[in-house]
Every structure is written in C-alpha cells, then in structure tokens.
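Q: I am a first-year student, and I would like a close look at one part of this protein, namely the enclosed space inside it and the helices beside that space. Please take me through it step by step.

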Amino acid sequence: MEYLSEINEWRAYANDQRARGRRVGLVPTMGALHGGHASLFRAARAHGDVVLATIFVNPRQFNDSADLAQYPRTPGYDREMAQRNGVDCLIEPTLATMWPDYPAPTPTTVSVHGLGDVLEGAGRPGHFDGVASVVAKLISVTGPCRAYFGEKDFQQVAVVRQMVRDLAMDVEVVGCPIVRDEDGLALSSRNVLLSRAGRRRALALSRALTLVQSQPATASAQRERLRETLDAAGVVTAYAEVVDPVTLEPSTDDETGPRRAMVAGLIEDVRLIDNGPVTLAPRRS
Ligand code: AMP
C-alpha cells in the first residue's frame, strides 16, 4: 500500500492509474476506521477499482469545536486496517494542504441548498457546506472516479449526488449499505466515546427503526413510534423523521409506499445518527 499526503503526488497517482486503464475508486473517510469503512474499501475492490482512501478529519464540517476536539483518531490502526482491506493508496492530507487559510474561512464554499439545510443540516448549521466543499476538493484532486459513500450517512449521499449532478463532476457515486454490530448498532467512529451504559442506550436508534419497519403505518404514526422509542431509552432526540428518500421532504399521512426513516440523537453528549427503509400504509378509516 502506498502512503501519500501531497496533492501533486496524489493527483499524479490517480492520473497514472487511469493511464494504465484502471478505474479509480475513491473512499473519503475521517479515519478511526471500522467495519463500515472496510465495507466501502471492499466494495471498491469488488468493482475492480484501484482503491484510494483518504483520511482527513475535516474541521469545516464540525459546527461544534468540542465535537472536533474529541473526534477519535487512530492513525496506526487505520493504516493496518486499510492495508488489510485492500486499499492500494492511503492519502492523509494535512490541514494546511486541504485548507491553507484555516482557521480563517476558506473563501470558496460548495453549498447544496435544500438537501443540505434539513435534518442534520438544520441541527448542525454549515455541516453540509463543509462536507460538500471537502468532497468537491477530494474529487477535484482525484479526477474522474467512482466515489463510495455509506448509507449510514444517508443525507450525505443525497447531498453529494446533487452536487455531482449540478457541477457535472465526472464521478459515479456508489451508495453502500449500513454495517451494524451484531446487536444492531450502526458502526460509527463515535461509538467508542460511549460508556457501556451509553452504548446500551444507543441501541434505541436501531430498535426504533426495526419497530417501524415491522409495522407499516402512516408517516405521523411512524414518527411517533420512533420518538417514543428514543424517549423511553433516554436519548435526547434531535429528529425522528420519515422522509422521501430522494428529496428528503417529510412525508405526509396521505402518502403510501417506501420512504426513509431518519433518526438522530445525543447520548452522553455524543451525536449518533441512523436510518432505514420504511413502508407507509394508508390511514385506517
Ligand atoms: P466517516 O469516517 O464517518 O466520515 O465515514 C466515511 C464513510 O464511511 C462515509 O461514506 C460513511 O457513510 C461511511 N460509513 C461510516 N459508518 C458506516 C457504516 N456503519 N456502514 C456503512 N458505511 C459507513
């Protein structure tokens, strides 16, 4: 596995791979790697791509400095994990490389209005500007590629797809399924910040999703079930929504069919998110 950090080397590596007729698979991460990240590396490999993974804890997508300060970092483990899971080139750009003006704001920002303003965007102002701006830069340096993202961050995939369409980027966005622990908890770099009791409480997120998946109902009934399950476990709910999977607009009780349930909450001051497919059924008259 190659390690790179300089933009010129990374661009040259991707250009060289394409010149040899290989397709580049880009997997952006913030490190503290786990099985969810590994599933993206393996998906890229399974497509036959040369796998470029990036590790960059992007300060521009954190609206809370305490969250940024406590974000887990495991560089030694990450290298071993990336190598073991088929990464060909691991890119760890420095902050000065990515955002030379930091902590001053970078003048150029990519904003995806609408999709970036709701749910996570409403609770974390500026978050998706940070995400879209960093992904745009990663893609700009990498060049034409397939880019792999996990559906754990369902809204992020929607925001990135919109950006790629609107800016005609030469990128195929591949969404990959959520990887969970055996007990249902979605893998997240933030899970290590939870105590044992907090982790048990966090299971309410996936439990709420499983509950609404097993019993079709109206959107408002599903929202209520999600919120009740989270409240009962002592999760400080940020949102418990049922939305259109493409527009992310909240579903009404007149709607039926497949939609997405989206939950977010604080447990021991750690913000966790989860989501899953849900079916809406007509109101019983
Ligand atoms: P992060 O390092 O948290 O920014 O995540 C990097 C990529 O890994 C994003 O595309 C995430 O959606 C994806 N990812 C994180 N956790 C999971 C998971 N449990 N299952 C699938 N993908 C994930």
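A: A cavity, as the word is used here, is a set of grid points where a 1.4 Å probe fits but cannot get out, and its volume is the space filled by probe spheres set on those points. In this model, which is predicted, there are two cavities of 30 Å³ or more, and the largest of them has a volume of about 820 Å³. Its lining is made of 46 residues, and those that lie nearest its centre are Met30, His37, Lys152, Asp153 and Gln156. The elements that contribute two or more residues to this lining are the strands S2 (24-29), S5 (145-150), S8 (257-267) and S9 (270-280), together with the helices H2 (35-46), H7 and H8. Sorted by class, the lining of the largest cavity has 23 nonpolar residues, 15 polar ones and eight charged ones.

The largest share of that lining, six residues, comes from H7, and this helix deserves a closer look. Two packed helices are described by the angle between their axes and the distance between the axes. Helix H7 (residues 127-142) packs against helix H8 (residues 154-166) at an angle of about 55 degrees, with the two axes 10 Å apart. Because of that angle, H7 counts as oblique to H8, and the crossing of the two helices is right-handed. On the H7 side the contact is made by Phe128, Val131, Ala132, Val135, Ala136 and Ile139, while H8 brings Gln155, Gln156, Val159, Val160 and Met163. Nine residues of this contact are nonpolar and two are polar, and none is charged. Gln156, listed in this contact, is also one of the residues nearest the centre of the largest cavity.

H7 has a further partner, helix H1 (residues 7-19), and these two pack at an angle of about 55 degrees with their axes 8 Å apart, so H1 is oblique to H7. Here Ile7, Trp10, Arg11, Ala14 and Arg18 of H1 meet Lys137, Leu138, Ser140, Val141 and Thr142 of H7, and this contact divides into five nonpolar, two polar and three charged residues.

There is also an open space to consider, for the largest pocket has a volume of about 270 Å³. It is lined by 15 residues, of which Met30, Ile55, Phe56, Val57 and Arg73 are the closest to its centre, and its lining has 10 nonpolar, two polar and three charged residues. Met30 thus appears among the residues closest to the centre of the largest pocket and among those nearest the centre of the largest cavity.

Technical notes
Residues are numbered from 1 along each chain as its sequence is written. This is a predicted model: local features need pLDDT of at least 70, side-chain atom pairs count only at pLDDT 80 or more; totals for chains, interfaces and linings use all residues. Side-chain values use heavy atoms; hydrogens and water are left out. Axes are lines fitted to C-alpha atoms, for helices over the stretch in contact, and angles run from 0 to 180 degrees between N-to-C directions. Helices (H or I, at least four residues) and strands (E, at least two) are DSSP runs, numbered from the N terminus. Angles under 35 degrees count as roughly parallel, over 145 as roughly antiparallel, 65 to 115 as roughly perpendicular and the rest as oblique. A crossing is left-handed if the near helix is turned anticlockwise from the far one by less than a right angle, and right-handed if clockwise. Contact means heavy atoms within 4.5 Å. Ala, Val, Leu, Ile, Met, Phe, Trp, Tyr, Cys and Pro count as nonpolar, Asp, Glu, Lys and Arg as charged, and the others, Gly among them, as polar. On a 1 Å grid over the protein atoms alone, a cavity is a set of points where a 1.4 Å probe fits but cannot get out, and a pocket is an open set with protein on both sides within 12 Å along at least five of seven lines; lining residues have an atom within 4 Å of a point.
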